[in-house]
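Please open the model in a viewer and keep a selection tool at hand. The tour below proceeds from one selection to the next.

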Amino acid sequence: MPKKIRLYPKALPNRIMLGLVVGAVAGVTANLFTTAHPAYTVWVERLIRYGTGPLGQIFLSLLFMTVVPLVFATLSTGVAHLGDLKKLGRIGLKTLAFFCLLTAMATMIGMMMVTTFQPGHGFSPDTQARLLENYQGELLKKSQGFREGQGFSIDTLVRIVPSNPLAAMVNMDMLAVICFALLVGAALTRLREERQKPLLSVLEAIADLMIVLVDFAMRLAPFAVPALIFNATARFGIELLEKLLNYVLVVFGGYI
């Protein structure tokens with residue numbers, strides 16, 4: 001019998017890639033159509049507002065909701081399983097040294113790549129104005145957070161140790177969450193075994209549960225990824241797609 005031809009890929013990465021291409025083509029087509037027929041722009045905006053937009057945001061929220069519990073649970077159990085705090089100290093110093101070295105190298109490579117290739121340079125004034133109109137609030141929020149967190153001071157060191165771990169988790173203050181997780185893991189090593197085991201079981205179950213939730217989110221990815229790329233390309237056309245492609249190439253060049 002002839003081999004059955006599968007039009008839709010079975011592997012998840014291939015489905016996501018196919019969805020990315022379909023979403024980009026559909027978005028560029030919609031942008032070209034609304035450019036030629038502006039009266040239909042309102043219908044594309046409604047599709048984004050009530051269809052593809054919520055789908056993409058739900059997907060991103062599903063991923064973000066697992067970050068804090070997963071980081072906390074895996075770091076706490078990882079430290080607790082080391083057992084010997086002296087061993088933890090040696091490993092911690094080596095890890096910190098490698099982290100600082102690699103971070104410095106990554107920063108230099110990233111700055112060199114961006115300065116050399118300028119992947120976001122060259123937007124038309126009209127596109128720049130529309131980008132600011134759609135994303136100015138989010139940009140200002142992130143810029144404010146960057147200005148507050150840039151540089152190192154004694155206050156930065158103090159803020160790493162959270163006075164309210166729950167608030168740090170709610171605000172996704174990852175340095176504070178990591179610090180709390182390491183302290184919890186270190187404290188677990190000092191508990192008696194009969195007290196330690198139930199807590200470790202709970203933390204390990206939380207980590208496993210978050211992995212399952214990530215799997216749920218990734219099952220949505222073949223539909224959410226094309227929705228996200230459609231939202232951007234339908235509004236800003238092939239010009240934005242070209243800049244995104246330049247950015248991806250620069251990022252992968254930096255990785256290599």
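**A guided tour by selection**

Begin with Arg235, which is partly exposed, with a relative accessible area of 21%; the classes are buried under 20%, exposed over 50% and partly exposed in between, with a 1.4 Å probe and protein chains only. This is a predicted model, in which local features need pLDDT of at least 70 and side-chain atom pairs count only at pLDDT 80 or more, while totals for chains, interfaces and linings use all residues. Residues are numbered from 1 along each chain as its sequence is written, and side-chain values use heavy atoms, with hydrogens and water left out.

Add Glu45 to the selection. Its side chain meets that of Arg235 in a salt bridge, at 3.2 Å from N to O (a side-chain nitrogen of Lys or Arg within 4 Å of a carboxyl oxygen of Asp or Glu). The pair links distant parts of the chain, 190 residues apart: Arg235 belongs to helix 8 (residues 193-255) and Glu45 to helix 2. Helices are DSSP runs of H or I with at least four residues, numbered from the N terminus. Glu45 is partly exposed, at 31% relative accessibility.

Next, select helix 2, residues 41-82, which has the highest mean pLDDT among the elements, 91, whereas helix 4 (residues 125-149) has the lowest, 64; pLDDT is the predictor's confidence in each residue, from 0 to 100. The 42 residues of helix 2 reach 59 Å from first C-alpha to last, close to the 62 Å expected at 1.5 Å a residue, that span being 1.5 Å times one less than the number of residues. Centre the view on Ile48, where helix 2 has a kink of about 45°, the angle between axes fitted to the seven residues ending there and the seven starting there.

Return to helix 8 and select Asp215 with Arg219. Their side chains form a salt bridge of 3.1 Å, N to O. The two residues are four apart in helix 8 and so are separated by about one helical turn. Asp215 is partly exposed at 36% relative accessibility, and Arg219 is exposed at 57%.

Then select Glu194 and Arg192, joined by a salt bridge whose closest N and O atoms are 2.7 Å apart. Glu194 is exposed at 51% relative accessibility, as is Arg192 at 52%. The count of salt bridges comes to four.

Finish at Leu102, which lies in helix 3 (residues 85-117) and is exposed, with a relative accessible area of 53%.
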